[in-house]
Amino acid sequence: MSEMDVDVLVVGAFTAGLYFGGLMAKQGYKVLICDALPEKEVGDRYSVIHVGREHFGNFGLPEPKPGDSEYIRSFDTSILRSALNNYPKTSHAAILVLRRALMTQRIAAWAKEQGAELLYQTAFEKPLFNDQGKLAGAILRQNDGELRVKARLTVDASGIGAAVRTSLPADYGVENFVTGPRDQFYVVLHYVNLKNPEQDAPKVNITWPYYKTWFASQPEAEGALFGIGANLSFDYAERCFQRFAKKGFLPESTEDHIEESSTPYRRPPYSFVADGFAVMGDAACITNPWSGEGVPYAWALGAIAAEEYGRAMKDGAYPSRESVWNVNVRYQQAQGALFAQNLAMLCGAVSCTEKENDYEFKHAIIYEDETEKGKGNLLLKLLKAFISGGISPKSLGNLLRAAGTGGDIFKHYIAYPGTSEGLPQWIQQADALWEKAGSMADLAERDLAGMGK
Ligand SMILES: Cc1cc2nc3c(=O)[nH]c(=O)nc-3n(C[C@H](O)[C@H](O)[C@H](O)COP(=O)(O)OP(=O)(O)OC[C@H]3O[C@@H](n4cnc5c(N)ncnc54)[C@H](O)[C@@H]3O)c2cc1C
């Protein structure tokens, strides 16, 4: 068995792991980033990714430009449409359309420049503990045998499977749940050739949130991408897509190929840190509940963690859970609180009929255009909806309950405890609030049962 001694071992060399590893190497720490896949295959679990242009600059990463191998094109308009295809809600932000595997290679080159070492075809196998029972690295598996890596900090950035987090004992200080089918968003991407590309080629991204479907561009200028996401399984997601396609909102096309992949769809663990351990990216379930996107949010947690671990590990110190608690506090009180609120509101937002969703779009309830933001009083709009019959009392009740629970969860996350002692009591209240929020998987199961065989 070969051996290595590093300060930081990062498992997973996609965006979350590369970014955190690069930032720690930049501060002078000895960093090893490993990935189970061969170098060329990292990042190719689906081919095209959209990332807001501003994030590259904000997080200090090289911005892909026209002419770079990963760059396909950019657009700056995104549109949401109602369940009946009405009332487009437009927003503007520069979005880069990128080849995912090539984007990964550029970020890997950046991480190497910062001083990180990368090892491919090197998979996490099991954690290593020291005499005090604290995490002290990992045993990795390579083609020609085992590699024993001693590390003061081991980071799980291995994606939805969370290889390291799920291998830790239940009482280690971070939840070791498995993100199963009820908690995943199964995405099916249909790459199509358009029948009338001059007329129909997508110039903007269009999303129908009611059906969790979207219409976007892809590498072939004459083609398009139809996407859908749903809990439970790829099969159920595809059945939802076929039901949506029959509505005739999409342009005529012939299918080229399909890609399938999944993303987490559940609340993150209550703590991202434990003794000698941190979890990031999809392994930490920090994707945006409305869009399923994860890259910029993983960078946000990575940036906070690199500052806190950079401080805590100075002069050879072992990063105890307490010494980096601020990672939790800073994340949960900002992005964490917002995403928790959105996740809690999802069930209520989609528990209505197509016509009711159309009404909500028309009157800027939940879904607002840039020009409508902050205008009008939501309670008055809901009262009007009730009186006019635009939304039924039952759906209105769902909406109000969801908004109430979302608001409570937001406040609870803003009050995330400043030290780990306050966590058990905070968790008790958080569990009760999440129970009230309901589950998208329950809605999906009911829908699936109604679809028949
Ligand atoms: C179809 C689809 C489309 C999406 N589109 C977008 C988008 O347009 N924009 C956006 O921001 N987000 C998007 N997302 C979400 C985004 O892909 C994820 O949030 C992001 O990939 C998470 O990055 P990560 O580094 O945490 O994990 P991953 O991308 O899952 O990478 C984890 C890495 O860890 C490695 N690994 C796993 N197990 C082990 C092990 N035991 N040992 C060593 N290595 C291991 C894997 O090989 C992999 O390379 C999309 C998701 C899906 C499913």
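A polar contact is a pair of N or O atoms within 3.5 Å. The views below show a predicted model.

**View 1. Polar contacts between the ligand and the protein.** The side chain of aspartate 35 places an N or O atom 2.7 Å from an oxygen atom of the ligand, and this pair is a polar contact because its separation falls within 3.5 Å. Backbone atoms take part as well: a polar backbone atom of phenylalanine 124 lies 2.9 Å from a nitrogen atom of the ligand, and a polar backbone atom of glycine 294 lies 3.0 Å from a ligand nitrogen atom. Taken alone, the ligand exposes 1000 Å², of which the protein buries 89%.

**View 2. The shell of residues around the ligand.** The ligand is surrounded by 33 residues, the closest being Asp35, Tyr46, His50, Arg100 and Asp282. By character, the shell comprises 16 nonpolar, 12 polar and 5 charged residues. Two or more residues are contributed by each of the helices α1 (15-26) and α6 (295-312) and by each of the strands β3 (48-52), β7 (123-129), β10 (184-194) and β14 (253-264).

**View 3. The largest nonpolar core.** This core contains 111 residues, and those touching the most other members are Val8, Leu9, Phe20, Tyr309 and Trp434. Leaving aside residues up to four places away in sequence, tyrosine 309 touches Phe20, Met24, Tyr29, Leu153, Val273, Ala274, Phe277, Ala278, Pro319, Val324 and Val327.

**View 4. A separate nonpolar core.** Apart from the largest core lies another, of 26 residues. Its members include Phe215, Leu232, Ala441 and Ala444.

Key:
Residues are numbered from 1 along each chain as its sequence is written. This is a predicted model: local features need pLDDT of at least 70, side-chain atom pairs count only at pLDDT 80 or more; totals for chains, interfaces and linings use all residues. Side-chain values use heavy atoms; hydrogens and water are left out. A residue is near a molecule or strand if one of its heavy atoms lies within 4 Å of it. A polar contact is a pair of N or O atoms within 3.5 Å; within protein, one must be able to donate a hydrogen and the other to accept it, and residues adjacent in sequence count only if both atoms are side-chain atoms. Accessible areas come from the Shrake-Rupley method with a 1.4 Å probe; for residues, only the protein chains shown count as cover. Helices (H or I, at least four residues) and strands (E, at least two) are DSSP runs, numbered from the N terminus. Ala, Val, Leu, Ile, Met, Phe, Trp, Tyr, Cys and Pro count as nonpolar, Asp, Glu, Lys and Arg as charged, and the others, Gly among them, as polar. A nonpolar core is a set of buried Ala, Val, Leu, Ile, Met, Phe, Trp, Tyr and Cys residues joined through side-chain atoms within 4.5 Å. Buried means under 20% relative accessible area, exposed over 50%, partly exposed in between (1.4 Å probe, protein chains only). Contact means heavy atoms within 4.5 Å.
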